[in-house]
Amino acid sequence: KLLKPDGTIWVSGTMHVIYSIGFAMQQLGFKLLNDIAWEKPNPPPNLACRYFTHSTETILWAAKSTKSRHFFNYEKMKTANEGKQMKSVWRFSPPNNAEKRYGKHPTQKPVLLVERCIESSTQSNAFVFDPFAGSCTTGVAAIKTNRRFCGVEAEGEFVELSNQRLQEALDRKSQ
């Protein structure tokens, strides 16, 4: 209900849930625009030694409907990729210690990854909403990319973590 007719949504997940989420989104009328493979160059090892090491997460980018006229910042993405059309496999290291200085969230994403999602699909001053804010990486990325932000988080410890991260991002922005 909150997504504008021409808005888009980004949803991330591991192979354990992302296919069900993508199917559900299609059943609800969303138009899947891309599936991004986030490659982690140094993934945690598979200690059971019974599977391949999970070194990717999938990020689905979808429009609200098949009639949506979504925004795509093609030129910015091309420029960020040294003048070549950007592909759907993105290599980013997991969040570093500086991103976790106020605490850790089990599904925290690197700020650079979320910045790319935001910059590719919104214009400056756009409104970004994250209904599962966690450690507020989306908020930090929104501040850094000149977007307005609102996030929702149910867990008190992550609300406090988010507040600290957002305040730091705002302080850096005002310097």
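In this predicted model, Arg147 is a buried residue, with a relative accessible area of 11%. That value counts as buried because the term applies under 20% relative accessible area. Arg147 sits in the loop that links helix 4 (137-144) to strand 6 (148-151).

A look at the surroundings of Arg147 helps to fill in the picture. Setting aside residues up to four places away in sequence, Arg147 touches Ile118, Glu119, Thr122, Gln123, Ser124, Asn125, Ala126, Val128 and Ala142. Two of these neighbours offer backbone oxygens to the side chain of Arg147: that of Thr122 is reached at 2.7 Å, and that of Gln123 lies 3.1 Å from a polar atom of the side chain. Gln85, by contrast, is 62 residues from Arg147 along the chain, and the C-alpha atoms of the two are separated by 24 Å.

Some of the residues touched by Arg147, including Ile118, Val128 and Ala142, also appear in the largest nonpolar core of the model. This core has twelve residues: Val111, Val114, Ile118, Val128, Ala133, Cys136, Val140, Ala141, Ala142, Ile143, Leu166 and Ala169. Helix 3 (111-121), helix 4 and helix 5 (156-174) are the elements that each give two or more residues to it. Helix 4 gives the most, with four residues. Val140, one of the core residues, is in contact with Val111, Arg165, Leu166 and Ala169, leaving aside its neighbours within four places in sequence. A second, separate core has nine residues, among them Ile59, Met77, Met86 and Phe92.

Helix 1 (residues 18-27) gives a friendly example of a helix with two faces. Which residues of helix 1 are buried? They are Ile18, Gly22 and Met25. These three cover an arc of only 60° around the axis, which puts them on the same side of helix 1. The general rule behind such a pattern is simple: an α-helix has 3.6 residues a turn, so residues three or four places apart point the same way. The buried residues of helix 1 pack against strand 1 (8-13), strand 2 (31-39) and strand 3 (56-63). On the face turned away from this buried side, helix 1 carries the exposed residues Tyr19, Ser20, Phe23 and Gln27. After helix 1 comes Gly29, which has a positive phi, near 95°.

Definitions and conventions:
Residues are numbered from 1 along each chain as its sequence is written. This is a predicted model: local features need pLDDT of at least 70, side-chain atom pairs count only at pLDDT 80 or more; totals for chains, interfaces and linings use all residues. Side-chain values use heavy atoms; hydrogens and water are left out. Buried means under 20% relative accessible area, exposed over 50%, partly exposed in between (1.4 Å probe, protein chains only). The arc is that of the directions from the helix axis to the C-beta atoms. Contact means heavy atoms within 4.5 Å. A polar contact is a pair of N or O atoms within 3.5 Å; within protein, one must be able to donate a hydrogen and the other to accept it, and residues adjacent in sequence count only if both atoms are side-chain atoms. A nonpolar core is a set of buried Ala, Val, Leu, Ile, Met, Phe, Trp, Tyr and Cys residues joined through side-chain atoms within 4.5 Å.
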